[in-house]
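Colleague: Got a minute to go through this model with me? I'd like to ask how you back up the labels on it.

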Amino acid sequence: MNLSSVPELVRQFHEDGYLLLKGILLPEKVGRLNAAIDSIIAEQPDSLAYNIYNSVERHEEIASLIDEPTILPLMVQLLGYNIQLHISHLTIRRPNPQGETTSSQSFINWHQDGPHPQFPRLGGVTSAYYIKSCYILSDMSEPNRGNTKIVPGSHNKPFQPDHQNVDDLLPGEIQVCGEPGDVFLFPQNLWHAGAPNRSNYTRRQLFLGYSPIWMRPIDYRTASDKLLQGASPYRKQLLGVIDDNPFKYYVPSDSMVPLKQLYTGDPGTGGYAH
């Protein structure tokens, strides 16, 4: 990624609530990730849909995306440098022309990500608490292949879908279309949904989300020794290893957050969520 374009990407992200970045992963990397996913799915019961959390723990190829160098500098500019890996989530949606509902959710209704009850709203607007990067690993260049639906701009204004039928259109909605190796980014407060897959293509998307390090991650309480083995300083920080004193999650010294060297924004805010 051309770092000179990052300020414009940050502006676009704030305005639209998402970014679609083309050709981030090389075909060879996409191939290795899909081979890793094949091995993971081979150990699962057969299903039309899969939701596999803590995916970085499942295979080293997926774990390599934790500090993916083409995405990390942009994520730091969007969210700040005091961040961690929040979630890693593999979603697979096989062709499902009959729209069969499965226990692993063949499609997802309109929602904002977050806990239950949801994050607080001020003036009808939910703040951004974490940002997801979605690696597209199958051909989703056309709509109705189980694509993620979004409503651009719904992150920064009061918004409530007027229905939950993902087969019907909401005003302003789009389907995110991309090719293997593309990545799209969005904050948890952007309204989005997972459409049914009426095509002959299997949807494969891998989500890695990042949050301020003072939030509890979804994947684990503490990162495993397996993930930490041989980890770079960047990856150690992203896995929540900065200091034994938990107060330092809120006020870390510079030496605890090596990602600060990637940050070029306003030093008084440290990023998007604050």
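Modeller: Sure, let's go label by label, and keep in mind that this is a predicted model.

Colleague: Start with the cysteines. How do you know that the count of disulfides is zero?

Modeller: A disulfide needs two cysteine sulfur atoms within 2.5 Å. The sulfur of Cys134 has its closest cysteine sulfur in Cys177, 12 Å away, which is too far for a bond. Starting from Cys177, the closest cysteine sulfur is the one in Cys134, again at 12 Å and too far. So no pair meets the cut-off, and the count is zero.

Colleague: And what makes Cys134 buried or exposed?

Modeller: Buried means under 20% relative accessible area. Cys134 has 0%, so it is buried.

Colleague: Why is Cys177 called partly exposed, then?

Modeller: Partly exposed runs between the 20% and 50% limits. Cys177 has 22% relative accessibility, so it gets that label.

Colleague: On to helix H4, residues 72-79. What makes you say that it is largely enclosed by the rest of the structure?

Modeller: Eight of its eight residues are buried, so the helix is largely enclosed. Those are Leu72, Pro73, Leu74, Met75, Val76, Gln77, Leu78 and Leu79. Just after H4 comes Gly80, with a positive phi of about 100°.

Colleague: Now the empty space. What makes a void count as a cavity, and how many are there?

Modeller: In a cavity a 1.4 Å probe fits but cannot get out. With a floor of 30 Å³, the count is one. The largest cavity holds about 40 Å³, so it passes that floor. Its lining includes Gln112, Arg121, His155, Phe159 and Trp191, and the lining residues split into three nonpolar, five polar and two charged.

Colleague: What about the largest pocket, which residues lie nearest its centre?

Modeller: That pocket has about 480 Å³ of space. There are 27 lining residues, and His89, Ile108, His111, Asp113 and Lys132 are nearest the centre. Strands E2 (49-53), E3 (83-93), E4 (108-111), E11 (192-194) and E12 (203-212) each give two or more residues to this lining. E3 gives the most, with four.

Colleague: How does its lining divide by residue type?

Modeller: The largest pocket has 10 nonpolar, 13 polar and four charged lining residues. The second largest pocket, at about 390 Å³, has 18 lining residues, with Pro217, Tyr220, Arg221, Thr222 and Tyr249 closest to its centre. Its lining divides into 12 nonpolar, three polar and three charged.

Colleague: Last one, the open sheet. What makes E4 and strand E9 (174-175) its edges?

Modeller: The four strands are ordered E4-E11-E8-E9, with antiparallel pairing. E4 and E9 each have a single partner strand, so one side of each is left without a neighbour in the sheet.

Colleague: And how do you know that strand E8 (residues 148-150) pairs with E11?

Modeller: Pairing takes at least two bridges. E8 and E11 share three, in the antiparallel sense, so they count as paired. One of the residues involved is Ile150, whose bridge partner in E11 is His192.

Conventions:
Residues numbered from 1 in each chain as written. Predicted model: local features only at pLDDT ≥ 70, side-chain atom pairs only at ≥ 80, totals over all residues. Heavy atoms only, no water. 1 Å grid on protein atoms, 1.4 Å probe; cavity = no way out; pocket = protein on both sides within 12 Å on 5 of 7 lines; lining within 4 Å. Nonpolar A, V, L, I, M, F, W, Y, C, P; charged D, E, K, R; others polar. Buried < 20%, exposed > 50% of the residue type's maximum accessible area, 1.4 Å probe, protein only.
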